[in-house]
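User: I am new to this structure and would like a close look at one part of it, followed by what surrounds that part in the description. Please keep the answer plain.

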Amino acid sequence: MSAARPLLTLPLAALLSCAGAPSTSDAGPPDSGPPDSGSSQPPGFADGVALFEAPDLDPAPGSLEVNLTAKVAAVKVNGLTVNRWTYDGHLPGPTLRATVGDRVLVHFKNELPEATTIHWHGVKVPADMDGSEATQAPIPPGGTFDYRFTVTEAGLFWYHPHLDSSTQIGSGLYGAIEVVDPAELALGDPVVLVLSDESTTDAGVLLPGDESGWFGDYFGREGNTLLVNGRVRPTLKARAGLPQRWKLLNASRARFYQLKIPGAQVQRIGGDVGLLAAPQPGNGVILTPGERAELWVNPAAPGTAASVQWLDSDRFHLGAKLPAQDLFVLETVDAPALGGRPAPPAALRTIAPLDVADAGTRRLELMEKAQNGIGVLGINGLTYDESKATPIMVRLGDTEVWEVANTTGYDHSFHLHGYAFQPLDVAGQPWPVREWKDTVLVPAKQSLHLAVRFDDRPGMWMLHCHIIDHVTLGMMAMLHVMP
Ligand code: C2O
Ligand code: CU
């Protein structure tokens with residue numbers, strides 16, 4: 001009996017000490033079952049959260065060419081077949097999967113009952129491909145547009161309309177863009193997870209995008225149904241000790257997601273635009289609308305089915321939190337027969353700090369004010385309508401340090417089109433890691449500093465709160481990067 005104990009505990013000990021050790025999958029003992037039974041995720045582990053991938057019309061390497069049609073279509077959500085606004089009948093829209101350096105061509109057709117555009121959130125597209133009203137006329141019903149750009153960086157990005165956004169995103173128009181770099185560290189089996197919510201009746205019928213009027217805009221419309229890749233509480237399978245790399249996107253209009261991942265070691269390894277410089281603590285990560293995070297998740301407890309939960313991050317600073325809600329089930333089937341895989345190394349990639357020695361400074365105040373007896377939102381004293389004739393002007397090639405100051409009593413999600421930035425500090429605390437972001441939480445009554453370089457692609461861009469209902473109330477401005 002006692003002689004058997006070391007043999008039984010050996011795989012677990014190997015698993016617990018696996019950090020830094022190479023995978024033993026090629027060297028497993030011959031009597032441990034099928035050759036790789038324990039060295040890979042369970043068969044079909046991600047089938048429960050599978051996303052439809054846009055077929056590539058141009059099979060040549062170096063390019064991705066897809067058709068994309070926005071249309072009303074019946075989809076199955078939570079067991080009910082219901083109409084949603086979709087890209088190609090899928091919820092979320094088809095995932096665009098590309099490799100760094102690929103030229104992307106999207107033949108877009110609008111079959112919606114109203115005009116739309118597509119914005120490629122986080123992708124460094126030319127200004128005239130950005131899909132905002134600053135650079136593109138709305139595509140009318142029946143209209144078409146070819147979007148062309150090159151993906152230059154690895155990461156999880158996304159696409160969504162930039163017109164009547166609360167209604168259009170809230171009705172189902174969003175999809176993921178996964179750009180991979182074969183030279184990047186592998187860091188676990190990748191899974192793209194699109195988090196969204198929707199507001200429906202009990203019969204699953206969507207509520208109107210302007211439901212609750214001003215209150216909906218001001219507080220932000222949080223849906224009553226939480227979706228993960230378009231499904232209610234799906235299951236993702238894992239094998240204990242074999243890490244997965246979750247690429248998470250918050251595609252909700254207003255909901256913040258604080259994630260609780262029980263029974264697993266979790267490190268944050270990526271942000272909005274690819275890998276961080278170094279891994280960070282990952283459980284409890286908060287994703288504001290539009291943000292992405294990549295998590296290294298090592299399920300440690302074999303044989304358990306744990307719910308990954310949404311926690312209330314108290315974005316109104318009320319001091320009281322709503323109850324947790326289940327997002328999806330993480331079913332950890334068994335321990336690996338052949339040992340685990342290494343933990344992320346201390347350095348994930350080199351990110352040079354932007355040189356801010358000669359940088360100009362600028363303050364952007366996210367604020368609210370009364371206008372004709374109602375509360376409106378704005379930037380530097382002006383609503384979007386008041387400010388768009390006089391955009392913020394910066395010079396191509398300049399580096400600037402921005403103070404983004406939130407003078408309201410609740411959190412906002414600050415998004416800049418066209419350029420990724422390096423957060424420097426928030427609420428007086430240095431940013432914990434060097435990373436590239438395009439969307440960031442600015443807490444109530446606090447300031448965030450960021451460094452940004454307008455290195456390329458002059459033109460008109462947008463900056464706004466990504467609580468998309470706040471755009472309706474005016475929290476958006478135009479930025480002119482002058483050649
Ligand atoms: Cu994802 Cu202007 O936004
Ligand atoms: Cu906001």
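In the open sheet of four strands, what is the order of the strands, and what kind of pairing do they have?

Analyst: The model is a predicted one. The sheet in question is open and has four strands, which follow the order β2-β1-β4-β6 with mixed pairing. Strands β2 (80–87) and β6 (144–150) stand at the edges; each has a single partner strand, so one side of each is left without a neighbour in the sheet. On average, neighbouring strands here are turned by 30° against each other, with direction ignored.

Strand β1 covers residues 63–77 and strand β4 covers residues 103–111; the two run parallel and are joined by nine bridges. One place to look at this pair is Thr 69, which stands opposite Lys 109 in β4.

Next comes the stretch of chain after β2. The loop between β2 and β3 (93–99) contains Pro 92. The peptide bond that joins Leu 91 and Pro 92 is cis, with omega at about -10°. Strand β3 itself contains Thr 95. Is Thr 95 buried or exposed? Its relative accessible area is 5%, and because the limit for buried is under 20%, Thr 95 counts as buried. Leaving aside residues up to four places away in sequence, Thr 95 touches Leu 51, Phe 52, Glu 53, Ala 54 and Ala 176.

Of these contacts, Ala 176 has a number that falls within β8 (175–180), the strand before the loop that holds Leu 187. That loop runs between β8 and β9 (189–198). Leu 187 has a phi near 60°, a positive value in a residue other than glycine. With 12% relative accessibility, Leu 187 counts as buried.

A positive phi is also found at Asn 372, at about 50°, although Asn 372 is not a glycine. Asn 372 lies in the loop between β20 (360–371) and β21 (374–379). Whereas Leu 187 is buried, Asn 372 is exposed, with a relative accessible area of 79%.

Another part to look at is the copper ion, ligand 2. Its protein donors are His 412 through ND1, Cys 465 through SG and His 470 through ND1, at 2.0 to 2.1 Å from the ion. Along the sequence, these donor residues have the spacing H-x52-C-x4-H. His 412 and His 470 link distant parts of the chain: His 412 is in strand β24 (residues 412–416), His 470 is in helix α5 (residues 468–472), and 58 residues separate them. His 412 has 0% relative accessibility and counts as buried. His 470 is buried too, with a relative accessible area of 1%.

Last, there is the empty space inside the model. Rolling a probe the size of a water molecule over the atoms shows where such space is left. The structure holds five cavities of 30 Å³ or more, and the largest cavity has about 60 Å³ of space. Among the residues that line the largest cavity are Ser 166, Thr 167, Gly 170 and Ser 171. Its lining also includes Ser 199, Leu 206, Leu 207, Pro 208 and Gly 209, as well as Glu 211 and Arg 253.

Key
Residues numbered from 1 in each chain as written. Chains lettered and ligands numbered in written order. Predicted model: local features only at pLDDT ≥ 70, side-chain atom pairs only at ≥ 80, totals over all residues. Heavy atoms only, no water. Donors = N, O, S within 2.8 Å, 3.2 Å for Na, K, Ca; no water. Buried < 20%, exposed > 50% of the residue type's maximum accessible area, 1.4 Å probe, protein only. Pairing = 2+ DSSP bridges. Axes fitted to C-alpha atoms, helices over the stretch in contact; angles between N-to-C directions. Contact = heavy atoms within 4.5 Å. 1 Å grid on protein atoms, 1.4 Å probe; cavity = no way out; pocket = protein on both sides within 12 Å on 5 of 7 lines; lining within 4 Å. Points joined across faces, edges and corners; volume = space filled by probe spheres on them.
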